[in-house]
Amino acid sequence: MSTLTTGTYEKYGASYKTLTLTDGEYAFTVTPEKGGMATSFTKNGDEYLWLRDKNFESTDRPRCGIPILFPNCGKPDDGVHHFNGAAYPIEVHGLADLVPWQVKSADDTAIELTLTPNGLTKFVYPFDFSLTMRYTLTGSTATLALTVANTGDKALPFSVGFHPYFAASKLDNVAFDIDAATCSESAKGEQPAAPGTITLTRKEGSADSIRLMTGVKSPMRFTDSGNGHKVTVSFDESVFTNGVLWQQDAESFVCMEPWNGWANSVNEAGHHIELNPGESKEFKWSVTIG
């Protein structure tokens, strides 16, 4: 059984309260004030997540840890969503990772955080909602469950995803074990069938490496021959239908991400989730390290 401890992250003048679940040699840390995201997952002190310190302490969107993506995954066309004839500007990956979350409860069994609308969220996303993020740890497996509830009087359109940054020795050392229907570098246009072995290689002249996959089977796995890490991402295939691999040049991480939408999905009829007033839906997945 896990045990809960509290702490403080202090660096470069920033100070955040942390909540950590520990089960034997494994420890999983959440930072509520920083987008409600997980910021550490260790085995005997060996870090499996990646934290970009100076970015973490800034007010910028966190490109580290495990950001929560809501109400969109990626950046919609022209950077806006269209609701009832009006255009609403929205950041890449939405708003949930940009604002502090509140601690609903925290004990040895689970950490639960909540997020509800405020003036900032209403400016970019004119809906009433309630998000509840529940984190648990059982041995080497951390389970992350986001519940989205429609607390308003009109349909709630959205997509959900997670953006875990895993520590990597270097991209050349990482081998993926992923079964998907399609695999490409763009969500636009016809999607080519996925190869038997999916790789993440950098296109010449590009700063980023990306693979966008549909029809992804659970679990997605990778191994790193440099640091010895093995990471497994498991999920409900009916909830998370898409997967993303991403890496940025000269950084020691690789992202292996469960999504249920693409960048412009909220603007496209039939390509996103809609909850009626009073409805809610859970999006659960897990990370296992070894």
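Student: Is Asp128 buried, partly exposed or exposed in this model?
Tutor: The model is predicted. Buried means under 20% relative accessible area and exposed means over 50%. Asp128 has a relative accessible area of 33%. That value lies in between, so Asp128 counts as partly exposed.

Student: Which residue forms a salt bridge with Asp128?
Tutor: Side chains of opposite charge can pair when their charged atoms come close. Here the closest N and O atoms are 3.0 Å apart. The partner has a relative accessible area of 34% and is partly exposed. It is Lys122.

Student: How many salt bridges does a search of the whole structure find?
Tutor: A pair counts when a side-chain nitrogen of Lys or Arg lies within 4 Å of a carboxyl oxygen of Asp or Glu. Lys122 and Asp128 form one of them. Over the whole structure, the search finds eight.

Student: How many residues apart in sequence are the parts that Glu112 and Arg134 tie together?
Tutor: Glu112 and Arg134 form a salt bridge, with the closest N and O atoms 3.0 Å apart. Glu112 lies in strand 10, residues 111–115, and Arg134 lies in strand 11, residues 129–138. The pair therefore ties together parts whose separation in sequence is 22 residues.

Student: Which of that pair is buried, Glu112 or Arg134?
Tutor: The cut-off for buried is under 20% relative accessible area. Arg134 is at 36%, so it counts as partly exposed. The partner is at 16% and is buried. The buried residue is Glu112.

Student: Which residue is linked with Glu112 and Arg134 in a network of salt bridges?
Tutor: Glu112 and Arg134 already form a salt bridge with each other. A further residue is linked with them in a network. That residue is Lys104.

Student: Where does Glu185, the partner of Arg211, lie?
Tutor: The side chains of Arg211 and Glu185 meet in a salt bridge at 3.8 Å, N to O. Arg211 lies in strand 18, residues 208–214, and the pair ties together parts that are 26 residues apart in sequence. Arg211 is buried at 10%, whereas Glu185 is partly exposed at 42%. Glu185 lies in the loop between strand 17 and strand 18.

Student: Which elements give two or more residues to the lining of the largest pocket?
Tutor: About 490 Å³ of space lies in the largest pocket. Of the 25 lining residues, the closest to its centre are Cys73, Gly74, Lys75, Trp259 and Ala263. The elements that give two or more residues are strand 18, strand 21 and strand 22.

Student: How many charged residues are in that lining?
Tutor: Asp, Glu, Lys and Arg count as charged. The lining has eleven nonpolar and six polar residues. Its charged residues number eight.

How values were computed
Residues are numbered from 1 along each chain as its sequence is written. This is a predicted model: local features need pLDDT of at least 70, side-chain atom pairs count only at pLDDT 80 or more; totals for chains, interfaces and linings use all residues. Side-chain values use heavy atoms; hydrogens and water are left out. Helices (H or I, at least four residues) and strands (E, at least two) are DSSP runs, numbered from the N terminus. Buried means under 20% relative accessible area, exposed over 50%, partly exposed in between (1.4 Å probe, protein chains only). On a 1 Å grid over the protein atoms alone, a cavity is a set of points where a 1.4 Å probe fits but cannot get out, and a pocket is an open set with protein on both sides within 12 Å along at least five of seven lines; lining residues have an atom within 4 Å of a point. Grid points are joined across faces, edges and corners, and a volume is the space filled by probe spheres set on the points.
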